[in-house]
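Work through these exercises with the structure open beside you. Try each task before reading its solution.

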Amino acid sequence: MTAAEGIWQQIFAFDHYGELLALVRNSLVAGVALGLVGGLVGVFVIMRDLPFAVHGISELSFAGASAALLLGVNIVAGSIVGSLVAAGAIGLLGARARDRNSVIGVIMPFGLGLGVLFLALYKGRAANKFGLLTGQIVAVDTPQMSWLLGTSAVVLVALAVMWRPLVFASADPEVAEARGVPVRGLSFAFMVVLGLAVALSVQIVGALLVLTLVVTPAAAAARVTASPVLLPVLSVVFAVASIEGGILLALGSSIPISPYVTTISFGIYLVCRRVGGYRTRVAAPR
């Protein structure tokens, strides 16, 4: 066997695939929930220009999950606590874009430093440490599934309640405020929802690559449509396709799930960018 063949078998291996599929049943269900949450939240992340905030929250979510791993408590709960602390700090201290970016720039290295400290103190399996950064496909047990689905339901209900005013406040905050929409309150509420969504995504794709679920699908959808109905639908479809496809491809290999999810998501974005560019060129002469 050549070196290239050995590498290829590490990336794509489907021996005993049917038996392995049963091991990721929880992850596949969680993937649908995370795709739904990430796709919907991502629409507002793009509208409000918050990709940098997603990355900042993920760092403190990583710190919370690392602390939970060290203390032997629920990792999802630790991740959620870390995300909410970061989201609350960004929402309270960073009302303006310039202040927000400064706050995120301070929080990111602090969260990453704490996470590294907790992992250095943890003496358990190395795979547990690595999984917090790059994701794991068989890490979702029944208790974690309950946390994931429960938190996903909270996020979806919150989005349903504030969807219309949040769209208005995101598209034109000055006019929305003049019309009596509580723009500041909605901004803080959305940061909390974003924190929960990031905490959920960390469990599957890891802290380093959360953007691929919360940003890339919505960015891809925005390339092909501006419809307020079709945009969130496509964003959810792209997010679910990325994570489910990543789980299924990573199942038989020794590679973490995140490279598969990010590759599928990036491929979808490239296709949508090409389609959007073609439609723009066709419509230009008209």
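Contact here means heavy atoms within 4.5 Å. The model is predicted: local features need pLDDT of at least 70, side-chain atom pairs count only at pLDDT 80 or more, and totals for chains, interfaces and linings use all residues. Residues are numbered from 1 along each chain as its sequence is written, and side-chain values use heavy atoms, with hydrogens and water left out.

**Exercise 1. The neighbours of Ser152**

Task: Find the helix that holds Ser152, decide whether Ser152 is buried or exposed, and list the residues that Ser152 touches.

Solution.
Step 1. Ser152 sits in helix 8, residues 142-171. Helices (H or I, at least four residues) and strands (E, at least two) are DSSP runs, numbered from the N terminus.
Step 2. The relative accessible area of Ser152 is 4%, so Ser152 is buried. Buried means under 20% relative accessible area, exposed over 50%, and partly exposed in between (1.4 Å probe, protein chains only).
Step 3. Leave out residues up to four places away in sequence; Ser152 then touches Ala33, Val37 and Leu200.

**Exercise 2. The whole chain**

Task: State how many helices and strands the protein chain has, and what share of its residues count as buried.

Solution.
Step 1. The protein chain has 14 helices and 0 strands.
Step 2. Of its 286 residues, 48% count as buried.
Step 3. Now take contacts between residues at least 6 apart in sequence: 77% of them join residues at least 24 apart.

**Exercise 3. Helix 4 from end to end**

Task: Check the length of helix 4 against its expected span, then say why helix 4 is largely enclosed.

Solution.
Step 1. Helix 4 covers residues 51-71, which is 21 residues.
Step 2. The expected span is 1.5 Å times one less than the number of residues. For helix 4 that gives 30 Å, and the end C-alpha atoms are 31 Å apart, so the two agree.
Step 3. In helix 4, 16 of the 21 residues are buried, so the rest of the structure largely encloses this helix.
Step 4. Glu59 lies in helix 4. Its relative accessible area is 5%, so Glu59 is buried. Glu59 touches Met108, Gly111 and Leu112, not counting residues up to four places away in sequence.
Step 5. Look just past the helix. Gly72 follows helix 4, and its phi is positive, near 80 degrees.

**Exercise 4. The loop before helix 4**

Task: Locate Asp49 and describe its phi.

Solution.
Step 1. Asp49 is in the loop between helix 3 and helix 4.
Step 2. Asp49 is not a glycine, although its phi is positive, about 55 degrees.
Step 3. Asp49 has 59% relative accessibility, so it counts as exposed.

**Exercise 5. Helix 4 against helix 5**

Task: Give the angle and axis distance for helix 4 and helix 5, then sort the contact residues by class.

Solution.
Step 1. Two packed helices are described by the angle between their axes and the distance between the axes. Axes are lines fitted to C-alpha atoms, for helices over the stretch in contact, and angles run from 0 to 180 degrees between N-to-C directions.
Step 2. Helix 4 and helix 5 (residues 75-93) pack at about 145 degrees, with axes 7 Å apart.
Step 3. Among the residues that meet are Ile57, Gly64 and Ala68 in helix 4, and Gly78, Gly82 and Ala86 in helix 5.
Step 4. The contact has 11 nonpolar, 6 polar and no charged residues. Ala, Val, Leu, Ile, Met, Phe, Trp, Tyr, Cys and Pro count as nonpolar, Asp, Glu, Lys and Arg as charged, and the others, Gly among them, as polar.

**Exercise 6. Helix 12 against helix 14**

Task: Describe how helix 12 and helix 14 pack, and name the buried residues of helix 12.

Solution.
Step 1. Helix 12 (residues 216-224) and helix 14 (residues 258-283) have axes 7 Å apart, at an angle of about 15 degrees.
Step 2. Helix 12 is therefore roughly parallel to helix 14. Angles under 35 degrees count as roughly parallel, over 145 as roughly antiparallel, 65 to 115 as roughly perpendicular and the rest as oblique.
Step 3. The contact involves residues including Ala220 and Arg223 of helix 12, and Tyr269 and Arg273 of helix 14. By class, there are 9 nonpolar, 3 polar and 3 charged residues.
Step 4. In helix 12, 7 of 9 residues are buried: Thr216, Pro217, Ala218, Ala219, Ala220, Ala221 and Val224.
Step 5. These buried residues pack against helix 3, helix 11, helix 13 and helix 14.
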